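Please brief me on this structure, starting with the overall picture and then moving to its helices, loops and single residues.

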Amino acid sequence: MAASHDARTGSDFVRALTLTDATMLVAGSMIGSGIFIVSADIARTVGSPLWLLLTWIATGVVTVLGALAYGELAAMFPRAGGQYVFLRESMGPLMGFLYGWTLFLVIQTGTAAAVAVAFGRFLGVLFPSIGAEQFAWFPHGEICVAALGCDAPGKAFEVGLSPQRVAALASVWVLTAINLRGVREGKALQTTLTVVKTAALAFIVIVGLSFGRSAEAVAANFGGNFAGTPPAGSALVLAFGAAMVGSLFSSDAWNNVTFAASEVQHPQRNLPLALLLGTGMVSVLYIMSNVAYLNVLPLAGDPTGATAVARGIQHATQDRVATAMMETVFGTGGTTLMAIAILISTFGCNNGLILAGARVCWAMARDGVFFARAGRLNARGVPGFALVVQSLWISALCLTGTYGQLVDYVIFAALVFYCLTTIGLFILRRTRPGTPRPYRAIGYPVLPGLYVVLAGALAVILLLADKTRAQAMAGLAIVLLGIPVFYLWRAWRGAPLAGG
């Protein structure tokens, strides 16, 4: 189907993203709510300042290794759809569809929903009337899915509408409206907000390493208790892998710039650079932010403590570690300041997710595996219908789970496809040796191979660990469900798919 191949080069998109814009899209899609929240859960899981830092360091290494490998694929196929295209070209249309299917159902939309829910949570800090309690007049309650082991605490879905979820929905639709106006509007907002939230993270680091530094916290965390009391043996491996769910979620979506490759100027050069610069910068900021937390707050604390210091990192109120740190240093004013910074951060993160995700729907539609209307650009050169459909599903997810639940369902599926995509790099080196490669993966085959091993090992750990097994199995089930859907869709269309 030659016309489809011509169409999927994305020649009708506007190439408005510079290297700076592309780097800001990488960084801005990564920095959302996670870095301000998930360290509390990681601290509870590993029970050690040392292992808290090692979790973030390992996440940074894995993320940068992935970016180095993806740079080659992005330079080879600078088309709208990014990772979907990489998998389609290396492993065939079925694998491409499974990724796009999972991305739409869980990975992209689940991440966006979690970030939107976090937006509503932190808006509640500024305006206490915006609470998490469900509206009595709206259908609500818990839905138990037996396959997820929902007899355990926190496994049942809390379906309903609350003031915080209304705020989440409003943020999603405001951002969708902005992106419907064109890529220039979307990228201007993305670049501006990313600069602001990167500065906010840098400020946290500066405060924690300078005048906010607490001698008591330093002694508690970096003294004789630095190694803490983590689990031993295989239990430590499982705990470490489970702890990385939060840090990996906080570092996820770095690949989103590849989805908008058709709108990047000089993509063969700028895409690999943006991936490396964005992931490297954010990973360093994340590690240093956790060093800052440990300089101000003790790791361990009393969940019933009256102050942020007494509660420590493990028991920060609603897991808002960054807010607890700023409250300790600046008092009530610090809480307000941090809430504003996190609102900006989550808003900017979701802008990147919404902007980029719709491009995958567009590419799938052009290949005949998504609604045909999603494959059309509106008068402003953006996939308008895809943006609307995507936001409808994000909105549905906002009504069905808590922040923690949404995070858990994203990471396993994302790791599986990161692994498969990097394996695709090896396949393409063998099957298409003559294809131009403006950038070649640094350290090939050792570093990409190491990434496959690390990402694959983490996925296996998530399947084995008690804390994450149910969610990982659910993610695997969603991926596998895509196989019959693919063949049913192809039979319904009555024609073979492009490239297959």
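The points below go from the whole chain to single residues.

This is a predicted model, in which local features need pLDDT of at least 70, side-chain atom pairs count only at pLDDT 80 or more, and totals for chains, interfaces and linings use all residues. Residues are numbered from 1 along each chain as its sequence is written, and side-chain values use heavy atoms, with hydrogens and water left out.

**Whole chain**

- The protein chain has 20 helices and 2 strands. Both kinds of element are DSSP runs, numbered from the N terminus: helices are H or I with at least four residues, strands are E with at least two.
- The C-alpha atoms fill a box of roughly 65 × 55 × 45 Å along the principal axes.
- The radius of gyration of the protein chain is 22 Å, which agrees with the value near 23 Å for a compact globule of 500 residues. That radius is taken over C-alpha atoms, and the globule rule is 2.2 Å times the number of residues to the power 0.38.
- Of the 500 residues, 60% count as buried. Buried means under 20% relative accessible area, exposed means over 50%, and partly exposed lies in between (1.4 Å probe, protein chains only).
- Among contacts with a separation of 6 or more, 81% join residues 24 or more positions apart. Contact means heavy atoms within 4.5 Å.

**Helix pairs**

- Two packed helices are described by the angle between their axes and the distance between the axes. Axes are lines fitted to C-alpha atoms, for helices over the stretch in contact, and angles run from 0 to 180 degrees between N-to-C directions.
- Helix α5 (residues 49–76) and helix α13 (residues 267–296) have axes that come within 8 Å and cross at roughly 175°. The two helices are therefore roughly antiparallel. Angles over 145 degrees count as roughly antiparallel, under 35 as roughly parallel, 65 to 115 as roughly perpendicular and the rest as oblique.
- The contact of α5 with α13 has 19 nonpolar, 8 polar and no charged residues. Nonpolar covers Ala, Val, Leu, Ile, Met, Phe, Trp, Tyr, Cys and Pro; charged covers Asp, Glu, Lys and Arg; the others, Gly among them, are polar.
- The axes of α19 and α20 come within 6 Å and cross at roughly 115°.
- L462, L463 and L464 of α19 meet R469, A472 and M473 of α20. That contact divides into 5 nonpolar residues, no polar ones and 1 charged.

**Helix α20**

- Helix α20 covers residues 469–493, and its end C-alpha atoms are 36 Å apart, which agrees with the 36 Å expected for 25 residues at 1.5 Å a residue. The expected span is 1.5 Å times one less than the number of residues.
- Buried residues of α20 include A470, Q471, V479, F486 and W489.
- G482 is in α20 too, and it is buried at 0% relative accessibility.
- Leaving aside neighbours within four places in sequence, G482 is in contact with F97, L98 and W101.
- G482 and I442 are 40 residues apart in sequence, and their C-alpha atoms are 33 Å apart.

**Loops**

- The peptide bond from Y444 to P445 is cis, with omega near 0°. P445 sits in the loop between α18 (403–431) and α19 (446–464).
- H266 has phi near 45°, a positive value in a residue other than glycine. H266 lies in the loop between α12 (256–259) and α13, and is exposed, with a relative accessible area of 55%.
- Q318 also has positive phi, near 50°. Its loop runs between α14 (308–311) and α15 (321–330). At 45% relative accessibility, Q318 counts as partly exposed.

**Buried residues in other helices**

- G34 lies in helix α3 (residues 34–37) and is buried, with a relative accessible area of 3%.
- N270 is in α13 and is buried at a relative accessible area of 2%. Not counting residues up to four places away in sequence, N270 touches T18, L19, V264 and Q265.
- T335 lies in helix α16 (residues 332–366) and counts as buried at 16% relative accessibility. Leaving aside neighbours within four places in sequence, T335 is in contact with V125, T323 and E327.
- T335 and Y439 are 104 residues apart in sequence and 45 Å apart in space, C-alpha to C-alpha.
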